[in-house]
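User: I should like a close look at the enclosed spaces inside this protein, together with the packing around them. Please treat them in one connected account.

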Amino acid sequence: MKTSQASMAVPDPQRLKGIRRGIEKEGLRVLPSGSLALTPHPLALGSALTHPHITTDYSESQIELITGARLGVQECLDELVQIHQFVLRSLRDAGGEMLWSSSMPCQLPTDETIPLARYGSSHSGRSKSVYRMGLGHRYGRRMQTISGIHYNWSLPGVTSDQYFSLIRNFRRHAFVLLYLYGASPALCPCFVEGREHGLKPLGNTGQALYLPHATSLRMGRLGYQSDAQASINVSYNGLEGYANSLHEALTHPYPAYEMLGVRNPGGDYNQLGTGLLQIENEFYGTIRPKRTVSRGERPLHALRERGVEYVEVRLMDLDPFEDVGIAAPTMRMLDVFLLHCLNADSPPDTPAEIAELKHNQHLTAERGREPGLQLVRAGREVPLRDWAHEVLDQCRPYAQALDSTHGTHDYSAALAQALERLEHPERTPSAHVLGELTGEYGNSFSRFTLARSEKARDSLLALPWSQAQQQRFEQWSAQSVQDQRDIEAADTLSFEEWRLRYMSPENLR
């Protein structure tokens with residue numbers, strides 16, 4: 001069975017020119033020693049609650065940098081570079097911290113010492129911290145310190161049904177991106193202390209754990225995963241079914257989280273709610289349908305009310321060999337790949353296929369470069385390399401169309417690089433990381449990543465930076481602080497009254 005929008009023609013040049021892409025890039029603040037910085041979010045960076053480009057993710061020590069939705073790949077990358085320049089200058093001037101260049105975290109303190117992000121005293125700000133407290137109770141704080149790059153993408157004239165068609169194909173073929181761009185084959189032993197992990201020591205120094213053919217441990221069983229969420233039977237066959245399954249997970253209590261309770265006996269908050277998900281963002285996935293929300297609006301309500309506006313690709317590791325974590329050819333290949341996912345045949349998914357996709361994701365994350373590795377497609381084994389070749393060959397018309405639209409060969413070059421990595425696994429970022437770890441850094445994950453972090457910092461600080469740029473970012477910071485104060489002054493209810501209203505199932509409809 002094929003969907004009605006299967007095999008659409010390549011979009012015309014006018015629509016292709018309208019592709020917008022934006023980046024959200026997470027990264028840990030670290031001390032010059034390479035251990036986690038436990039300091040508050042720097043004052044110079046403004047309010048993490050309201051700044052348009054600089055916020056925090058799970059931890060106070062985990063910065064998130066956000067570009068606008070840009071029409072050009074280079075324009076988007078240039079903006080990301082500028083945000084990095086301002087942040088790194090601010091960190092340097094405040095004591096010499098820098099940004100960690102790997103997705104897997106640095107040397108971490110004990111779990112309870114990892115600081116939760118703080119957003120001020122407003123109800124919306126407090127709720128963000130309570131949500132993170134809940135994540136810590138549910139999954140442990142260490143897991144939340146993993147960082148990645150989210151790629152937000154839209155094409156004019158795409159309906160919600162067509163975006164879900166894209167999402168189904170993306171999930172089917174996500175293994176290709178994990179193989180090509182996974183960059184977390186090793187990690188600091190502190191990350192899995194006290195856990196069953198199945199990793200091997202790299203060398204005999206005890207300074208790195210790894211799997212020999214891994215591409216992205218971040219996207220494997222040890223990474224951003226949740227056994228509890230395995231019970232959410234999410235289908236991506238349409239907006240209604242997707243919304244209903246999320247609604248169920250948000251509104252029905254989950255026994256283990258009910259036992260934890262919303263508040264502890266002393267009255268402090270443990271979590272926002274007792275459902276399988278506290279809020280929509282807790283649902284982990286390689287890709288999400290998204291819609292811009294108004295302040296105080298629930299994301300699920302926005303999706304139901306106004307449909308899918310863009311997709312958020314969530315499986316990209318930070319590339320430690322790129323100063324800002326991602327390269328222009330990678331972004332171009334994502335554009336090509338997403339166009340292919342949008343336009344190829346996209347049958348409805350089934351529970352059996354969804355189980356296969358999870359299996360394929362974990363296999364590729366942990367053994368993707370293994371010679372002869374077999375994935376499962378429709379119940380049968382197929383070599384990863386053959387299937388990936390199929391997908392990349394089908395991407396060719398989209399690379400050519402984008403090249404023609406933009407008067408360039410850059411998209412075909414990005415596809416050629418992808419095909420070269422498929423033929424030569426040793427040229428993938430994950431192989432490159434292991435080669436550097438063993439060849440240059442004495443099998444030490446921390447020494448390798450600290451050196452890459454210092455190199456990225458020095459390269460970015462050496463770029464031109466004008467007084468006008470500095471003033472613009474300082475104005476954003478100052479304005480964000482004022483915006484936070486305004487939000488705090490506007491609160492009238494008690495926090496508990498506000499929480500009950502915000503968490504009401506009626507707000508999800």
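What volume does the largest cavity have?

Analyst: The largest cavity has a volume of about 100 Å³, taken as the space filled by probe spheres set on joined grid points. A cavity here is a set of points on a 1 Å grid over the protein atoms alone where a 1.4 Å probe fits but cannot get out, and its lining residues have an atom within 4 Å of a point. The model is predicted, so local features need pLDDT of at least 70 and side-chain atom pairs count only at pLDDT 80 or more, whereas totals for chains, interfaces and linings use all residues. Residues are numbered from 1 along each chain as its sequence is written, and side-chain values use heavy atoms, with hydrogens and water left out.

In total, 3 cavities reach 30 Å³ or more. Around the largest cavity stand 16 lining residues, and those nearest its centre are Lys25, Leu99, Ser101, Asp323 and Ala456. Two elements, α2 (73–93) and α14 (445–461), give two or more residues to this lining; helices are DSSP runs of H or I with at least four residues, and strands are runs of E with at least two. Helix α14 provides the largest share, 4 residues. The lining of the largest cavity is mixed in class, with 7 nonpolar, 4 polar and 5 charged residues, Gly being counted as polar and Tyr as nonpolar.

The second largest cavity has a volume of about 70 Å³. Its lining consists of Ile149, Tyr181, Met316, Asp317, Asp319, Gly325, Ile326, Thr330, Arg421 and Pro429. By class, these divide into 5 nonpolar, 2 polar and 3 charged residues.

One of the lining residues of the second largest cavity, Arg421, also belongs to the buried set of helix α12, and that helix merits description in turn. Helix α12 runs over residues 410–423, 14 residues in all, and reaches 20 Å from its first C-alpha to its last, close to the 20 Å expected at 1.5 Å a residue. Its buried residues (under 20% relative accessible area) are Tyr411, Ala414, Leu415, Ala418, Leu419, Arg421 and Leu422. Seen down the axis of α12, these residues fall within an arc of 160°, so they line one face of the helix. An α-helix has 3.6 residues a turn, so residues three or four places apart point the same way.

The cover over the buried residues of α12 includes strand β1 (20–30) and helices α2, α5 (160–181), α9 (328–343), α11 (384–406) and α13 (429–440), contact being heavy atoms within 4.5 Å. Helix α2 thus appears twice in this account: in the cover of α12 and in the lining of the largest cavity.

Note on methods: 1 Å grid on protein atoms, 1.4 Å probe; cavity = no way out; pocket = protein on both sides within 12 Å on 5 of 7 lines; lining within 4 Å. Expected span 1.5 Å × (residues − 1). Buried < 20%, exposed > 50% of the residue type's maximum accessible area, 1.4 Å probe, protein only. Arc of directions from axis to C-beta.
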